[in-house]
Amino acid sequence: MKNHFNNTRLGSYVFAMLLLLVFSCKDDKEPVPQGNLIFYTNYTPEKYDRIDVIIDGKVMGSISETAALRPECNAPGTASVVSLMLPVGTYAVSGKRYKGGEQVGNWKASSATVTVEECKRIRFVE
């Protein structure tokens, strides 16, 4: 009887461990909410060759043409628009302007808050 009790106890323990293993390996990753952050400029083309868009210290894209109009939300990235889908949160944003391969201007870091399924437009101005 004692041996039967030990076997049942061992079987229950193994079963519990298998359940724990199965459920701990389950992929419960929910989609991360994101929003659209768009950069563009009204600088005249004579004043720059490119403007690097910097987010949290990393170059995330470059603008090489002036935007004729304010970009629409979820606009695709083009030579005149850097359009990024980012997780919801607040980011340090800045930019550096180059002409002839040399940095000729910059924008000090400011913050931009990305919210769920909305867009925020940032225009680098003269």
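**A tour of the aromatic cluster and the open sheet**

The structure, a predicted model, holds four aromatic pairs. Begin by selecting Y43 and Y48. The centres of these two rings lie 6.4 Å apart and their planes meet at 85°; because planes over 60 degrees apart count as edge-to-face, the pair belongs to that class. Both residues, Y43 and Y48, are buried.

Keep Y43 selected and add W107. Here the rings are again edge-to-face, with 5.7 Å from centre to centre and 90° between the planes. This pair links distant parts of the chain, its members being 64 residues apart. Y43 sits in the loop between strand 1 (34–41) and strand 2 (50–55), whereas W107 belongs to strand 6 (residues 102–114). W107 is buried, as is Y43.

Next, extend the selection to F39 and F124. Together with Y43, Y48 and W107, these residues form one aromatic cluster.

Turn now to R50 and Y98. R50 lies over the face of Y98, at 4.0 Å from the ring centre.

For the last stop, display the backbone of strands 4, 1 and 7. They make up an open sheet of three strands in the order 4-1-7, with mixed pairing. Strand 4 (82–87) and strand 7 (119–124) are the edge strands, each pairing on one side only. From one strand to the next, the twist averages 20°. Strand 1 and strand 7 run parallel and are joined by six bridges. To finish, select L37 and look across to strand 7, where K120 stands opposite.

Conventions. Residues are numbered from 1 along each chain as its sequence is written. This is a predicted model: local features need pLDDT of at least 70, side-chain atom pairs count only at pLDDT 80 or more; totals for chains, interfaces and linings use all residues. Side-chain values use heavy atoms; hydrogens and water are left out. Rings of Phe, Tyr and Trp (its six-membered ring) pair if their centres lie within 6.5 Å; planes under 30 degrees apart count as stacked, over 60 as edge-to-face and the rest as tilted. Buried means under 20% relative accessible area, exposed over 50%, partly exposed in between (1.4 Å probe, protein chains only). Helices (H or I, at least four residues) and strands (E, at least two) are DSSP runs, numbered from the N terminus. A charge sits over a ring if NZ of Lys or CZ of Arg is within 6 Å of the ring centre and within 35 degrees of the ring normal. Two strands pair if DSSP finds at least two bridges between them. Axes are lines fitted to C-alpha atoms, for helices over the stretch in contact, and angles run from 0 to 180 degrees between N-to-C directions.
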